Amino acid sequence: GGASSAAQKHWVCMGDIFLKRPHATTRSMLEEEQTRIDGELESLRASVKRKTSTLCELDPSMCACRLLGAAPPLPFRT
């Protein structure tokens, strides 16, 4: 189990290059990348909330349906 998987090497794609890296290094790289992505997502979610709040302040009719519990109107497309 654990001892044999620690000695294994795994293929990792970095950009347009494939590298064979030890298990511990690969795991560490993936965990760091996931932490970075989670941080970016959290930042983007906060940004969407701020922008939505600003939009509702500028045009309350955009958010009026939310207060009434109705689904928002679909955007008109030509």
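## Close-up views of a predicted protein model

**View 1. The whole protein at a glance.** The secondary structure adds up to 3 helices and 2 strands, where helices (H or I, at least four residues) and strands (E, at least two) are DSSP runs numbered from the N terminus. This is a predicted model, in which local features need pLDDT of at least 70, side-chain atom pairs count only at pLDDT 80 or more, and totals for chains, interfaces and linings use all residues. Residues are numbered from 1 along each chain as its sequence is written, and side-chain values use heavy atoms, leaving out hydrogens and water. Following the sequence, you will meet the pattern α-β-β-α-α.

**View 2. The hairpin of E1 and E2.** Strand E1 (residues 9-14) pairs with strand E2 (residues 17-22) in the antiparallel sense over 6 bridges; pairing requires that DSSP finds at least two bridges between the strands. Look for tryptophan 11, which stands opposite lysine 20 in E2. With 2 residues between the strands, the hairpin includes glycine 15, which takes a positive phi near 75°.

**View 3. Methionine 14 in strand E1.** Is this residue of E1 buried or exposed? Methionine 14 counts as partly exposed because its relative accessibility is 41%; buried means under 20% relative accessible area, exposed over 50%, and partly exposed in between (1.4 Å probe, protein chains only). Across the protein, buried residues make up 8% of the 78 residues.
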